[in-house]
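User: I have a model open and I'd like to go through it. Can you take some short questions?
Analyst: Go ahead.

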Amino acid sequence: MIKFADVYKSFGKQTVLRGLNLTIPRGKITVILGRSGEGKSVLLKHMLGLIRPEKGSVVVDGQELAKLDPFALNETRKKFGMLFQNSALFDSMTVFENIAFPLREHKKLSGEALHKAVSELVTVVGLKPEVMPKYPSEISGGMRKRVGLVRAIALKPQILLYDEPTTGLDPIMTDVIGSLILNTQRSLGITSVVISHDIGSTYGIADNIVMLHEGQILMEGPPENFKKATDPVIRNFLEGHASAEQKAAL
Amino acid sequence: MLSDSTGAKAVPRVVMGQRLIESLGHSCLGIVNYLGDFAIFCRDTVAWLFRKPFRAKLFIEQASAIGLDSIPIIALVSLFTGMVFALQSTYAFRLFGAETLVGSTVGLSLAREIAPVFAALMVTARAGSSMAAELGTMRVSEQIDALDSMAVYPHQYLVVPRVWATTVMLPLLTVIFNFIGIIGAYLVAVLLLNIPEGPFLSHLYDFVDPKDVVGGVLKSAVFGFLLGSLSCFEGFRTKNGAKGVGIATTRAVVFSSVSVLVVDYFLTQIILEVTRNW
């Protein structure tokens with residue numbers, strides 16, 4: 001379980017998180033919604049200990065990340081897999097090497113065993129073997145997301161973080177990625193945290209939705225509750241309508 | 001307002017003075033912070049060298065990219081450096097009939113100063129800029145965060161092989177610089193300007209001590225660590241996309257080059273003191 005307690009974080013003069021309290025339930029898909037710049041990615045990076053809170057605590061399975069030494073923090077990170085917004089594939093490595101990377105590092109696999117493990121993994125996301133020798137710059141955005149997802153699940157993590165997994169993809173690929181998130185969740189039985197702007201796929205995959213607004217949680221609950229929400233900020237976001245003030249600010 | 005005689009003019013002067021002091025203090029704090037962060041970065045680079053897993057394959061890859069791939073440019077620069085140095089020295093020494101000292105003059109200058117400093121500047125331009133740009137791109141495209149997320153220490157994986165490769169390879173490049181520089185000087189002095197070969201070589205042998213070469217090589221190892229660390233440090237701190245990568249690369253080259261020249265003075269003084277009675 002991941003727990004945020006009264007977390008504050010600023011970058012320069014801009015305060016992103018303002019006393020945020022949040023609990024991510026184990027074994028569920030939690031989707032975090034919010035406008036751009038609300039600190040959703042910052043929230044995700046706090047879970048991995050990539051960013052430390054200025055105040056408050058982030059606790060993963062009973063361990064407060066800010067109090068861990070680098071080695072203990074690394075052990076905690078082994079519980080996680082993360083699909084980055086732009087996939088963050090190593091551009092100097094082929095697709096095969098990208099997927100093989102965590103297996104080489106932590107399972108010490110090599111040769112035939114490594115090839116077998118990578119081949120099994122890529123079938124999960126429907127990647128063809130012809131993609132393996134290509135570099136990330138030679139494949140499409142949707143494929144890169146799938147490679148990033150395979151790399152993230154290679155070590156069978158307990159918690160999988162997705163940073164805007166469908167941004168920049170066409171509707172069909174968005175649906176494919178949504179299905180992959182659901183299938184991964186079902187097959188591995190893991191905790192998933194998804195940052196998304198895509199309301200359609202959010203309703204399709206989420207067990208729990210969290211709406212982030214002005215550095216705090218505005219609303220949290222199952223998709224049904226959000227469909228019935230009356231708060232104008234939430235309604236405007238879900239329906240994609242800018243308020244009169246937001247239009248006037250242009 | 002400044003010329004107001006009612007006393008109002010004192011206020012802006014005070015404010016201006018405060019702003020100047022604030023600005024100076026801000027700059028000083030920035031420098032102290034930078035040096036502090038860099039010192040921690042260097043400490044980590046040394047500490048990670050002795051922690052498993054040892055990444056010999058990555059070290060060899062970097063040593064090849066930084067060292068072997070730099071040999072052609074080092075050879076070209078050293079050849080022409082030796083040639084032009086011999087040319088200038090010969091014309092200068094001929095004024096008082098001491099042109100046979102050209103070999104020893106070029107040899108001493110190369111061994112003590114020119115080879116380590118020029119090799120360091122060439123490696124900074126070729127490999128330092130490349131390291132800063134590569135790590136900077138990895139930083140802004142979240143590839144370094146991806147390493148962290150996979151429980152791989154980025155400092156150990158990315159920085160340690162690069163810094164130690166520059167530290168080991170720069171002395172070797174310095175030796176090559178010395179050797180080819182002497183050949184360049186020989187070609188110009190003996191073959192073109194007809195200085196007798198025997199005195200040229202014997203003076204070179206008599207005046208250039210092994211301690212001169214060793215001192216230069218030791219300096220180059222320090223330069224290698226310094227420029228490798230600074231280049232990786234700038235790459236690691238990159239922010240703000242493509243523009244940030246450009247800034248990091250420029251800073252890496254400028255800071256490394258200036259640091260090499262500044263540190264060279266102090267190292268030379270130390271080496272001269274230490275080797276005075278050898």
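User: How many residues does each chain put into the contact?
Analyst: This is a predicted model. In it, chain A supplies 14 residues to the contact and chain B supplies 10 residues.

User: Which elements of chain A give two or more residues to that side?
Analyst: They are α2 (70–77), β6 (80–83) and α3 (95–107) of chain A. The most comes from α3(A), with three residues.

User: And by class, what is on the side of chain A that touches chain B?
Analyst: That side has eight nonpolar residues, along with three polar and three charged ones.

User: Switching to chain B. What span should helix α3 of chain B have?
Analyst: Helix α3 of chain B covers residues 71–94, which is 24 residues. At 1.5 Å a residue the helix should span 34 Å, and its end C-alpha atoms are 34 Å apart, so the two agree.

User: Which residues of α3(B) are buried?
Analyst: The buried ones are B:I74, B:S78, B:T81, B:G82, B:M83, B:F85, B:A86, B:S89 and B:T90.

User: What do the buried residues pack against?
Analyst: The buried residues of α3(B) pack against α4 (102–140) and α6 (154–192) of chain B.

User: Where in chain B is confidence lowest, and where highest?
Analyst: Helix α7 (residues 197–207) of chain B is lowest, at a mean pLDDT of 88, while α6(B) is highest, at 95. Chain B averages a pLDDT of 91, and 96% of the residues score at least 70.

User: What does the model score overall for ipTM and pTM?
Analyst: The ipTM is 0.87 and the pTM is 0.86.

How values were computed
Residues are numbered from 1 along each chain as its sequence is written. Chains are lettered from A and ligands numbered from 1 in the order in which they are written. This is a predicted model: local features need pLDDT of at least 70, side-chain atom pairs count only at pLDDT 80 or more; totals for chains, interfaces and linings use all residues. Two residues are in contact if their C-beta atoms, placed from the backbone, lie within 7 Å. Helices (H or I, at least four residues) and strands (E, at least two) are DSSP runs, numbered from the N terminus. Ala, Val, Leu, Ile, Met, Phe, Trp, Tyr, Cys and Pro count as nonpolar, Asp, Glu, Lys and Arg as charged, and the others, Gly among them, as polar. The expected span of a helix is 1.5 Å times one less than its number of residues. A residue is buried if 20 or more other C-beta atoms lie within 10 Å of its own, exposed if 12 or fewer, and partly exposed in between; C-beta atoms are placed from the backbone. pLDDT is the predictor's confidence in each residue, from 0 to 100.
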